[in-house]
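Please open the model in a viewer and keep the sequence panel in sight. The tour below proceeds by selection, with a short account of what each stop contains.

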Amino acid sequence: MTRSKLSVQDICSIALFTAVIVIMAQISIPMPLGVPMTMQTFAITLAAVVLGSKKGGAAALIYVLLGAVGLPVLAGFTGGIQYFSGPTGGFLISFPVMAYMIGQGVDRFKDRKGGFILCLIAGTLINYVIGVLMFCLLMDSTVMTAVSACVLPFIPTAILKAILASAIGFKIRARLGALVCA
C-alpha cells in the first residue's frame with residue numbers, strides 16, 4: 001500500500017487556509033477602472049508564510065479552482081469562469097504562483113530575511129505582471145493605463161498587507177511549529 005504525501009493534518013491546514021482566503025476575499029473596496037482592492041493578497045501571503053510553498057500554493061490553487069467552478073468564493077461572493085476571463089482574471093490566475101513563490105522564501109531562506117523579502121517581492125510582482133498583461137489584452141489597454149489602474153493605486157496597501165501578513169504569518173508559524181509547517 002502506498003502512502004499519500006499529504007497527511008490528514010496537511011489536508012486540514014490547506015483547507016483552513018483556503019477558507020481564510022475565501023473569507024478575506026470578501027473584504028473588498030471598489031476602485032476606479034474595475035479592479036477592486038481586496039484582502040485576497042493578504043490571505044495568499046499569510047497562507048504562504050504559514051504553510052510554505054507547496055501547501056500555501058495548494059490552498060491558493062484550491063481557492064482559484066473553487067471560484068472557477070462557480071462557487072461564490074471570489075470577492076463580493078461571486079464565482080464562475082467569467083471572472084477569470086475578465087479584467088481581474090490575471091490577478092486571480094496568478095495567486096497559486098504568487099503563494100508558491102512567497103512560500104519558497106519561507107522554505108529556502110529561514111534564517112536569511114533578505115531572501116524571504118526578495119521572494120515576497122517576486123511573488124507580488126508575478127501577481128502584478130500577469131494581472132496587468134491580462135488587463136491589457138482584455139481591455140485593449142496600454143501598459144501605462146493598466147499599471148495606472150491596476151498597480152499604482154494598490155502599492156501602499158500592498159506593502160502594508162505584505163508586512164502585516166508576513167509578521168502575523170511568522171508568529172503563527174512559530175507557535176504552530178511542526179504541526180502545520182512540516
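The model is a predicted one. The tour begins at the lining of its largest cavity, whose residues divide into 4 nonpolar, 1 polar and 3 charged.

**Stop 1: the cavity**

Select Gly105, Val106, Phe109, Lys110, Arg112, Lys113, Phe116 and Phe170, the residues that line the largest cavity. Helices α4 (95–108) and α5 (113–139) are the elements that give two or more residues to this lining. The volume enclosed is about 40 Å³, and the structure holds 1 cavity of 30 Å³ or more. As background, empty space is revealed by rolling a probe the size of a water molecule over the atoms.

**Stop 2: Lys113**

Keep Lys113 selected from the cavity lining. This residue lies in helix α5. Is Lys113 buried or exposed? Lys113 is exposed, because its relative accessible area of 56% is over the 50% cut-off. To gain a sense of scale, add Gln82 to the selection and draw a distance between the two C-alpha atoms: Lys113 and Gln82 are 31 residues apart along the chain, and their C-alpha atoms are separated by 39 Å.

**Stop 3: the second largest pocket**

Next, select Leu120, Ile121, Thr124, Ile159 and Ala162, which lie nearest the centre of the second largest pocket among its 14 lining residues. Helices α5 and α7 are the elements that give two or more residues to the lining. Which element supplies the largest share of this lining? Helix α7 does, with 8 residues. The pocket has a volume of about 280 Å³. In character, its lining comprises 12 nonpolar and 2 polar residues, with no charged ones.

**Stop 4: a nonpolar surface patch**

Retain Ile159 from the pocket and add Leu152, Ile155 and Ile163; together these four make a nonpolar surface patch of about 360 Å². Ile155 is found in helix α7 (residues 155–176). With a relative accessible area of 34%, Ile155 is partly exposed, since this value falls between the 20% and 50% cut-offs.

**Stop 5: the salt bridge**

Now show the side chains of Asp10 and Lys55, which meet in a salt bridge with an N to O distance of 3.2 Å. The pair links distant parts of the chain: Asp10 belongs to helix α1 (residues 8–25) and Lys55 to helix α2 (residues 40–68), with their positions 45 residues apart. Both partners are buried. A search of the whole structure finds 1 salt bridge.

**Stop 6: two positive phi values**

For the last stop, turn to the backbone. Most residues other than glycine have a negative phi. Select Phe77, where phi is near 55°, a positive value in a residue other than glycine. Phe77 is found in the loop between α2 and α3 (89–93), and at 59% relative accessibility this residue counts as exposed.

Then move to Asp140, which has a positive phi of about 50° although it is not a glycine. Where is Asp140 placed? Asp140 sits in the loop between α5 and α6 (143–150). With a relative accessible area of 73%, Asp140 is exposed.

Methods. Residues numbered from 1 in each chain as written. Predicted model: local features only at pLDDT ≥ 70, side-chain atom pairs only at ≥ 80, totals over all residues. Heavy atoms only, no water. Helix = DSSP H or I, 4+ residues; strand = E, 2+ residues; numbered from the N terminus. Buried < 20%, exposed > 50% of the residue type's maximum accessible area, 1.4 Å probe, protein only. 1 Å grid on protein atoms, 1.4 Å probe; cavity = no way out; pocket = protein on both sides within 12 Å on 5 of 7 lines; lining within 4 Å. Points joined across faces, edges and corners; volume = space filled by probe spheres on them. Nonpolar A, V, L, I, M, F, W, Y, C, P; charged D, E, K, R; others polar. Patch = residues over 30% accessible without salt bridge, like charges linked within 9 Å, V, L, I, M, F, W, Y side chains within 5 Å. Areas by Shrake-Rupley, 256 points an atom, 1.4 Å probe, with all protein chains shown as cover.
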